[in-house]
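Good morning, colleagues. I would ask you to bring up the model on your screens, and I shall then go through its sheets, one loop residue and several charged pairs.

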Amino acid sequence: MEKVAEILAEASAEAVEPRFRALAAGEVMEKAPGEVVTVADREAEQIISRRLRELLPVPVVGEEAVSADPELARSLHTEPAVWLVDPVDGTSNFVAGRPDFAVMAALVRAGQTVASWIWQPVTGTAYSAELGAGAWRDGHRLTCPPPAAEPEKWRGVLKSRFLDPAAHHRLRANARAFDHLDPGRSSAGIEYPLITVGEQDFILYWRTLPWDHAPGSLLVSEAGGRSARLDGLPYRPEAPGCQEGLLVAADPEQWERIHRILLDGDSPA
């Protein structure tokens with residue numbers, strides 16, 4: 001666990017942090033309409049991938065590698081073990097000079113996330129989780145704080161822009177039952193930890209790229225929360241486009257109530 005955390009921090013120090021608010025002309029490219037990538041993303045992924053394979057020689061499913069070769073993501077279903085890597089989660093924030101970005105990795109065995117790591121370079125904060133063993137922040141055990149009893153006091157994030165307009169409108173209308181909706185931080189590596197420290201109660205994601213969600217889902221689950229698909233099944237990392245929709249909450253019972261309010265339109269009472 002400690003060695004992977006070191007790899008992420010070292011790759012960040014080598015390839016990412018020196019370019020924060022110092023990207024040169026030509027170091028930012030568009031890899032798809034509306035999605036940017038930088039030389040920091042690509043260099044950090046190469047460093048992390050090489051060093052992870054030295055620890056455990058299994059395929060590495062990295063965000064930038066899959067962008068170049070989408071078939072690589074099939075390894076999540078065909079290989080007994082794979083590494084997942086997101087070298088700069090929140091690239092748009094990184095490019096804009098905003099501090100909300102993270103470096104992340106996860107180990108997946110038989111389709112299940114068994115370990116995960118999140119490094120937040122600007123604050124120097126390290127999160128990690130191991131299946132069945134717990135979650136940690138900077139080496140200290142993490143437990144999600146108990147939520148308020150009343151849904152009217154809950155705070156959450158809806159990431160619903162990839163939904164069709166009718167479903168998006170319905171979710172927004174149902175979410176008025178809650179205290180506050182945050183726009184989110186445009187980085188799963190920032191958003192998931194907020195649940196474990198009590199700054200958010202829930203997040204609903206629609207698009208669930210595996211490198212974005214495997215690290216944080218395990219972190220929240222091992223801290224006592226729940227991360228599950230909208231049909232109630234526990235989250236498992238899937239190749240892009242295989243399955244969408246994910247609700248994450250600080251407490252399993254709270255997850256059920258949020259699901260009923262958001263998806264079914266039930267009264268919060």
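In this predicted model, Ala81 has Arg109 as its bridge partner in strand E5. That pair belongs to strands E4, residues 81-89, and E5, residues 102-109, which run antiparallel to each other over seven bridges. Helix H1, residues 2-16, packs on the sheet here and touches E4, E5 and strand E6 (112-120), with its direction at about 40° to that of E6. Helix H7 also packs on this sheet, where its contacts are E4, E5, E6 and strand E7 (125-130), and its direction makes about 100° with that of E6.

The sheet as a whole is open and has seven strands in the order E3-E4-E5-E6-E7-E8-E9, with mixed pairing. Which strands stand at its edges? They are E3 (60-62) and E9 (140-141); each has a single partner strand, so one side of each is left without a neighbour in the sheet.

I turn now to the other sheet. An open arrangement of five strands follows the order E11-E10-E12-E14-E13, again with mixed pairing. Its edges are formed by E11 (180-182) and E13 (226-228), and because each has a single partner strand, one side of each lacks a neighbour in the sheet. From one strand to the next, the twist averages 15°. Strand E10, residues 155-159, pairs with E11 in the parallel sense over three bridges, and within this pairing Val157 has Asp182 of E11 as its bridge partner.

Two helices lie across these strands. Helix H7, residues 188-196, crosses E10, E12 (202-205) and E14 (246-249), running at about 145° to E12. Helix H8, residues 210-222, lies across E12, E13 and E14, at about 35° to E14.

Next, a single residue, Asp251, in the loop between E14 and helix H9 (252-264). Is Asp251 buried or exposed, or does it fall in between? Its relative accessibility is 24%, and it therefore counts as partly exposed. Beyond its neighbours within four places in sequence, Asp251 is in contact with Pro147, Gly224 and Gly225. Its C-alpha atom is separated by 9.0 Å from that of Ser221, a residue 30 positions away along the chain. The side chain of Asp251 also reaches the backbone nitrogen of Glu253 at 3.0 Å, and a polar atom of that side chain lies 3.0 Å from the backbone nitrogen of Gln254.

Finally, the charged pairs. Side chains of opposite charge can pair when their charged atoms come close. How many salt bridges does the structure hold? There are 14. One of them joins Arg51 to Glu10, with the closest N and O atoms 3.5 Å apart. This pair links distant parts of the chain, since Arg51 is in helix H2 (residues 39-55) and Glu10 in helix H1, 41 residues apart. Glu10 is partly exposed, at 40% relative accessible area, and together with Glu14 and Arg51 it is part of a network of salt bridges.

Another salt bridge connects Lys159 and Glu191, whose closest N and O atoms are 2.7 Å apart. Lys159 lies in E10 and Glu191 in H7, so this pair ties together parts 32 residues apart in sequence. Glu191 has 2% relative accessibility and counts as buried. The side chains of Glu150 and Lys153 meet in a further salt bridge, at 3.8 Å from N to O, and Glu150 is partly exposed, with a relative accessible area of 34%.

Note on methods. Residues numbered from 1 in each chain as written. Predicted model: local features only at pLDDT ≥ 70, side-chain atom pairs only at ≥ 80, totals over all residues. Heavy atoms only, no water. Pairing = 2+ DSSP bridges. Helix = DSSP H or I, 4+ residues; strand = E, 2+ residues; numbered from the N terminus. Axes fitted to C-alpha atoms, helices over the stretch in contact; angles between N-to-C directions. Contact = heavy atoms within 4.5 Å. Buried < 20%, exposed > 50% of the residue type's maximum accessible area, 1.4 Å probe, protein only. Polar contact = N/O pair within 3.5 Å; in protein donor to acceptor, adjacent residues only side chain to side chain. Salt bridge = Lys/Arg side-chain N within 4 Å of Asp/Glu carboxyl O.
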